[in-house]
Amino acid sequence: MKKFLIPLMFLFAACSNTSIVSSWKAPDATVTDGEFKKVMLAILVKDEATRRYSEDRMAAKNEAFYPSYNIFESKEIMDNQEYCKKALEAQGFDGIVTMQLVAVDQQQNYVPGSYSGAGYWGYHGAYYSSYYSPGYYTTDTKYVIATNIFSLKDNKLLWSGVTSTVNPTSIDQTLEEITHEVRAQMVKDKLIVATPKAQ
């Protein structure tokens, strides 16, 4: 099996509408290359089709990821903590990554108008000419997503981060942007520790 960094480590180069809002790391927690070998990936959304599509897209990026819907098909099963814990241990899982949509906010912004001319008199004259462009309002939609990384071996949360994505264009692009921002923040938080490559 190929070595890998903790899930969500793959890097994408793209213009991002996503940014980190906040993050938290367990004291003294670090993750080295190859430490996690089998990780359940759970996209916690209400729509089942979106859940399955998103988990498949994420799992395709790393052979250590296993979509949660292949392990626990229903919400009722996932709500049974004791059953889930025993099932994951029996199947050799050592980590869990969850991504959950926690909020959708809309914000209205005013874009000022423009005019040709200089100073006040240029502005004043704009009212009486065709060179004045009136202002207008736009509405931005912001999706807030929480990403959590758990160690099953230590039975604890290692890292948690909240991202904000403004006006997403597609699920694929949003997932790529989130993984890019999450990885960068985990490096900054010193959760990721890559082992030196053999010469």
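Which residue is the bridge partner of Leu44 in strand 5? The bridge partner of Leu44 in that strand is Gln100. The model discussed here is predicted.

## Sheet architecture

The sheet is open and consists of six strands, arranged in the order 1-7-6-5-3-4 with mixed pairing. Its edges are formed by strand 1 (18-25) and strand 4 (65-67), each of which pairs on one side only. From one strand to the next, the twist averages 25°.

## Strand 3 and strand 5

Strand 3 (residues 39-44) and strand 5 (residues 95-111) run parallel and are joined by six bridges. Within this pairing, Ile43 stands opposite Met99 of strand 5, while Leu44 has Gln100 as its bridge partner.

Helix 1 (residues 48-59) packs on the sheet and touches strand 3, strand 4 and strand 5. The direction of helix 1 makes about 145° with that of strand 3.

## Strand 3 and strand 4

Strand 3 also pairs with strand 4, in the parallel sense and over three bridges. One of the positions involved is Val39, whose bridge partner in strand 4 is Phe65. The chain passes from strand 3 through helix 1 to strand 4, and this β-α-β crossover is right-handed.

## Burial of strand 3

Strand 3 is mostly covered, with five of its six residues buried. In the strand order 1-7-6-5-3-4, strand 3 stands between strand 5 and strand 4, and helix 1 is in contact with strand 3 as well.

Note on methods. Residues are numbered from 1 along each chain as its sequence is written. This is a predicted model: local features need pLDDT of at least 70, side-chain atom pairs count only at pLDDT 80 or more; totals for chains, interfaces and linings use all residues. Side-chain values use heavy atoms; hydrogens and water are left out. Two strands pair if DSSP finds at least two bridges between them. Helices (H or I, at least four residues) and strands (E, at least two) are DSSP runs, numbered from the N terminus. Axes are lines fitted to C-alpha atoms, for helices over the stretch in contact, and angles run from 0 to 180 degrees between N-to-C directions. Contact means heavy atoms within 4.5 Å. Buried means under 20% relative accessible area, exposed over 50%, partly exposed in between (1.4 Å probe, protein chains only). A crossover is right-handed if, with the strands pointing away from the viewer, the path from the first strand over the helix to the second runs clockwise.
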